[in-house]
Amino acid sequence: MNTDRLPMRIIVIEDDPLLAEGLVNVLNRAGHAVDHAATGARAEAALKSTEYDVVVLDLGLPDRDGLELLRELRARRSHASVLVLTARDAVEDRVRGLDLGANDYMTKPFSVAEFEARIRALLRRSAVPEAQLESGTLAMDLSAKRARVGGRPIELTSREWSMLELFLTRAGHVLSKDRISEHLLACDEHLSANAIEVHISRLRAKIEPEGARLRTVRGFGYLWDGAND
Amino acid sequence: MTSAPRARQSIRRRLVLFLVTMLLLLVGAAAVITYFVAVRAANDAYDRSLLDPALDLQQNLRMVDGAPHLDLPPKAQEALMYDQADEVVFQIRAPDGTVIAGVSDLPAAAELTHGQHRFYDVDYREQNLRVAALLNAQNVLVQVGETRHKRNRLVGEILVAELVPTLLVAFVSIALAWAGIAHGLAPLARVRTELLGRSPHDLRPIPNDAAPVEIAPVVDAFNRLLSRLSEANALQQRFLANAAHQLRTPLAGLQMHLELQLRREQAPEVRAELERLHKATLRTGHMTKQLLALAKAESTSDAEAAVQPVDLYQCAEAAAQHWVPVAIARRIDLGFALEHATVQGDPSLLTELLDNLIDNALRYTPEGGAVTVQCGMRQSMPFVAVEDTGPGIPASERDRVFERFHRVAGTTSEGTGLGLAIVREIADRHGARVGIESPRNGQGTCVVVLFGAIAEAKHAG
């Protein structure tokens, strides 16, 4: 998956050489400019001299607590997105990290695909709000209010439009019917679970013949993951 | 307690036994002393009246031809010797020792000087006699003896009057001691209740403010032990955190490089080898996570566990985010049937419990199967259950699957054998019971965690 965006400046702060090399490798291939710091001291110097778009931060550095670096970064009002890597999975660590301004959090070990997905999500967040939403074969032009599946335009009602917008902005997330109902409530009256099912089935009738699949999570809700099978 | 090889020593019994022995010795000594005092008092009371008939007899003595003669008619003698309670006898001996009146077989009193009287005890015709003896100026000996009936009765009365209250005081003392010791030992009972009511993870010190001086050192010693245990626990936690870091970081590097290599063009045999290595790495990573989860569930003390109301519905909803994509990748239909149900617990441990239930079900369910996560209320108790359409667990294996590293024979999935052990450990921490049921349609497994089931059973019993 390549993102057709401007190259981003990313720093990987990780002391393990094997993992650091892998992370740098993955990010380089995606076309980003990547720096690496193996110690807290070097990371601090790099963070002070360069404005990064994304910081990949390991909490267990040999010389400093990663959370301390995060605190300093936020104290300098840096707008960099921070992805915390940790070998611990204590909830308190996670909460502390997010409280201190981390944007996301991954527990080691993790797959390359998951890492790439998280980085993409962070880059989306740090980018200027987009006029175009794309996922799989679906594309939505938010300013022109036009949607296309596999390049062919489709007509959507306003409810279908706002549902599809929710699915695409939250691609890869399971959305409960409650959550969908809450989203629609913002622009419409409250919808029952049954009404949501009706709208979903109409939406599906419009997008699925073109190969875009909206998955049902039985007894729960729906998932758009951009897959075509 | 019941299986003690020897009867256990009881402080209360030992104290009371000691007290009973001492009191009995004291009462015995008091009885002996009282007896001698009573005998003396009885003699003092009755000797005076024993001397009177002796003096009467002496006054009725007349000297005829230098020999003493009792000038008293037999009727008068009888009247003189009459007593309601005792037999009374007399004897008069001439200076030469011959008996001139009265009974002949009463031995003569010794060591008497003229005009003197004395009292003494003597055995006479198999009875004990109290005798008053008088020697007049003419060396005539007058003796009056009586049996000891009324004296004995008085001694008895004095003994009863003295000893009954003493015995009463003794018994009351024992009873008070018995009750008092129980009262005195009450702080020990409180310490016991406090300790019995604790979970094995509660290492807070025992409150020591109210403990009396005798028990305070024991409680202090116990608290020192608890604090050492607590430190050891904290040390273990730090060790775990370090071990996690040490293991997981290289594993992350290994996994990342294998995945990057798998993305490249590879010769088929190299690819197959890389895939095997990748699988083994994933499994090692999973095993590390499971071991840490189990150790954490065990070692988290109650003080550290953040117990709060947790909605199982929200736990399951959060789990859906993680597990639905995993299920899709494995082509398993992961579904939900959720109702709100609140339990008191540690949210991170409960999330771990649910993750392991779902992970386990997904691992043992073949492609095309279904896994359903349920939560809500059952028999007015909160529950979570995860049902799958996998091969199922034979009834004979259902207890053993909760053992660590136990894996159902014949299964090929790459489970660690720790998932259900973690589930049970966490369930135990929450007073919940884990059971395995067969789904209604027969095929597969349904693992049910029923919260409050243990507390309910305790109340019923």
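Which residue stands opposite B:Arg118 in β6(B)? In this predicted model, the residue facing B:Arg118 is B:Ala133 of β6(B). That pair is a convenient way into the sheet of chain B, from which the description moves on to the cores, the contact between the chains and a helix pair in chain A.

The sheet in question is open and has five strands, in the order β4-β3-β7-β6-β5 (chain B), with antiparallel pairing. Its edges are formed by β4 (99–102) and β5 (116–124) of chain B, each of which pairs on one side only. On average, and with direction ignored, neighbouring strands of this sheet are turned by 20° against each other. In general terms, the strands of a sheet pair through backbone hydrogen bonds, in either a parallel or an antiparallel manner.

Strand β6 (residues 127–135) of chain B deserves a closer look. With β5(B), strand β6(B) shares nine bridges, and the two run antiparallel. These two strands form a hairpin with two residues between them, and B:Arg125 in the turn has a positive phi of about 45°. Towards strand β7 (residues 141–147) of chain B, β6(B) makes seven bridges, again with an antiparallel run. Here B:Leu129 is placed opposite B:Thr147 of β7(B), while B:Leu134 is placed opposite B:Val142 of β7(B). A hairpin links this pair of strands too, with five residues between β6(B) and β7(B); in its turn, B:Asn139 has a positive phi of about 70°. Why can β6(B) be called largely enclosed by the rest of the structure? Of the nine residues of β6(B), seven are buried, so the strand is largely enclosed.

The nonpolar cores come next. In soluble globular proteins, nonpolar side chains tend to be buried together. The largest nonpolar core of the model has 109 residues, and those with the most contacts inside it are A:Val54, A:Val55, A:Val56, A:Leu57, B:Ala316 and B:Ile358. Helix α7 (residues 347–364) of chain B contributes the largest share of this core, namely nine residues. With neighbours within four places in sequence left aside, A:Val55 is in contact with A:Ile11, A:Ile13, A:Leu73, A:Ala80 and A:Val82. Another core, of 20 residues, lies apart from the largest one, and B:Phe90, B:Leu129, B:Ala133 and B:Leu135 are among its members. B:Ala133, met at the outset opposite B:Arg118, thus reappears here as a member of this 20-residue core.

Where the two chains touch, 27 residues of chain A and 27 residues of chain B take part. On the side of chain A, α1 (17–29), β10 (174–176) and β11 (215–217) each supply at least two residues. The most comes from α1(A), with six residues. By class, this side of chain A has 13 nonpolar, eight polar and six charged residues.

Finally, within chain A, helix α6 (residues 158–169) packs against helix α8 (residues 193–207) at an angle of about 85°, and their axes are 10 Å apart. The two helices are therefore roughly perpendicular to each other. On α6(A) the contact is made by A:Arg159, A:Glu160, A:Met163 and A:Leu164, and on α8(A) by A:His199, A:Arg202 and A:Leu203. This contact has three nonpolar, one polar and three charged residues.

Terms used:
Residues are numbered from 1 along each chain as its sequence is written. Chains are lettered from A and ligands numbered from 1 in the order in which they are written. This is a predicted model: local features need pLDDT of at least 70, side-chain atom pairs count only at pLDDT 80 or more; totals for chains, interfaces and linings use all residues. Axes are lines fitted to C-alpha atoms, for helices over the stretch in contact, and angles run from 0 to 180 degrees between N-to-C directions. Helices (H or I, at least four residues) and strands (E, at least two) are DSSP runs, numbered from the N terminus. Angles under 35 degrees count as roughly parallel, over 145 as roughly antiparallel, 65 to 115 as roughly perpendicular and the rest as oblique. Two residues are in contact if their C-beta atoms, placed from the backbone, lie within 7 Å. Ala, Val, Leu, Ile, Met, Phe, Trp, Tyr, Cys and Pro count as nonpolar, Asp, Glu, Lys and Arg as charged, and the others, Gly among them, as polar. Two strands pair if DSSP finds at least two bridges between them. A nonpolar core is a set of buried Ala, Val, Leu, Ile, Met, Phe, Trp, Tyr and Cys residues joined through C-beta atoms within 7 Å. A residue is buried if 20 or more other C-beta atoms lie within 10 Å of its own, exposed if 12 or fewer, and partly exposed in between; C-beta atoms are placed from the backbone.
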